[in-house]
Amino acid sequence: MSDKSFDLDTVKKLAELVKKNDLGEITVTDGDKRITVKGRVHCAPPAPAFPQVPPMPPMPQMQAAAPEAPKAEEKAEGNEVKAPIVGTFYAAPSPDSEPFVKVGSQVKKGDTIFIIESMKVMSEVQSEFDGEVKKILVQSGDPVDFDQTVMVIG
């Protein structure tokens, strides 16, 4: 080896230092001598093909829905209007608007009676029955499950 190079022990020690500390590279200069020892090339993990979306939290369970006995009575009073999708129930088209229907309102088949928001999409729900709104079982802003009874029309 010439005077301008490092001895083999120094190179081995530098290589061991790079490996032990998981370094990309190390450069040492001693006067006019200089050595660079490179470790493994660290590549960033590949970007996911699809954006990662955090899992949705579970829908809160409605505490008021625990007693099942009154629902049997509601079925006997008229036609049940059920939620066609999972989402959030809204009684009116906007927060400052009057609700589509109230208890006692007369509705005809095809009238819009409420909205369900699901995945940022507002879906108007039309009545399948003619009659009077007997009961509204949820409040505006409440979560509803698929096939949950929302109101009764008699």
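Contact here means heavy atoms within 4.5 Å. The model analysed is a predicted one.

The largest nonpolar core holds 16 residues. Phe-89, Ile-113, Phe-114, Val-144, Val-150 and Met-151 touch the most other members. Two strands, E6 (112-118) and E10 (149-153), each give two or more residues to this core. Another core lies apart from it and has six residues. Phe-6, Val-18, Ile-35 and Val-37 are among them. In soluble globular proteins, nonpolar side chains tend to be buried together.

Phe-114 was examined next. This residue belongs to strand E6. Its relative accessibility is 0%, so Phe-114 counts as buried, the cut-off being under 20%. Neighbours within four places in sequence were set aside for the contact list. On that basis, Phe-114 is in contact with Val-81, Phe-89, Tyr-90 and Phe-100. Ser-123, Glu-124 and Val-125 are also in contact with Phe-114, as are Val-150 and Met-151. Ser-140 is 26 residues from Phe-114 along the chain, and the C-alpha atoms of the two are separated by 9.2 Å.

One of these contacts involves two aromatic rings, those of Phe-89 and Phe-114. A search of the whole structure finds one aromatic pair. The ring centres of Phe-89 and Phe-114 are 5.2 Å apart and the planes lie at 45°, so the pair is tilted. Phe-89 sits in strand E4 and Phe-114 in strand E6; the pair therefore ties together parts that are 25 residues apart in sequence. Phe-89 and Phe-114 are both buried.

Val-101 lies outside the strands just named, in the loop between strand E4 (87-90) and strand E5 (106-107). Val-101 is nevertheless buried, because its relative accessible area is 8% and the limit is under 20%. With neighbours up to four places away in sequence left aside, Val-101 is in contact with Val-107, Ile-113, Val-133, Ile-136 and Met-151. The C-alpha atoms of Val-101 and Thr-112 are separated by 8.5 Å, and these residues are 11 apart along the chain.

Met-151 links the two contact lists, since both Phe-114 and Val-101 touch this residue. Residues up to four places away in sequence are again not counted. Met-151 touches Asn-79, Glu-80 and Val-81. Val-101, Ile-113 and Phe-114 also touch Met-151. The remaining partners of Met-151 are Val-133, Lys-135, Ile-136 and Leu-137.

Definitions and conventions: Residues are numbered from 1 along each chain as its sequence is written. This is a predicted model: local features need pLDDT of at least 70, side-chain atom pairs count only at pLDDT 80 or more; totals for chains, interfaces and linings use all residues. Side-chain values use heavy atoms; hydrogens and water are left out. A nonpolar core is a set of buried Ala, Val, Leu, Ile, Met, Phe, Trp, Tyr and Cys residues joined through side-chain atoms within 4.5 Å. Buried means under 20% relative accessible area, exposed over 50%, partly exposed in between (1.4 Å probe, protein chains only). Helices (H or I, at least four residues) and strands (E, at least two) are DSSP runs, numbered from the N terminus. Rings of Phe, Tyr and Trp (its six-membered ring) pair if their centres lie within 6.5 Å; planes under 30 degrees apart count as stacked, over 60 as edge-to-face and the rest as tilted.
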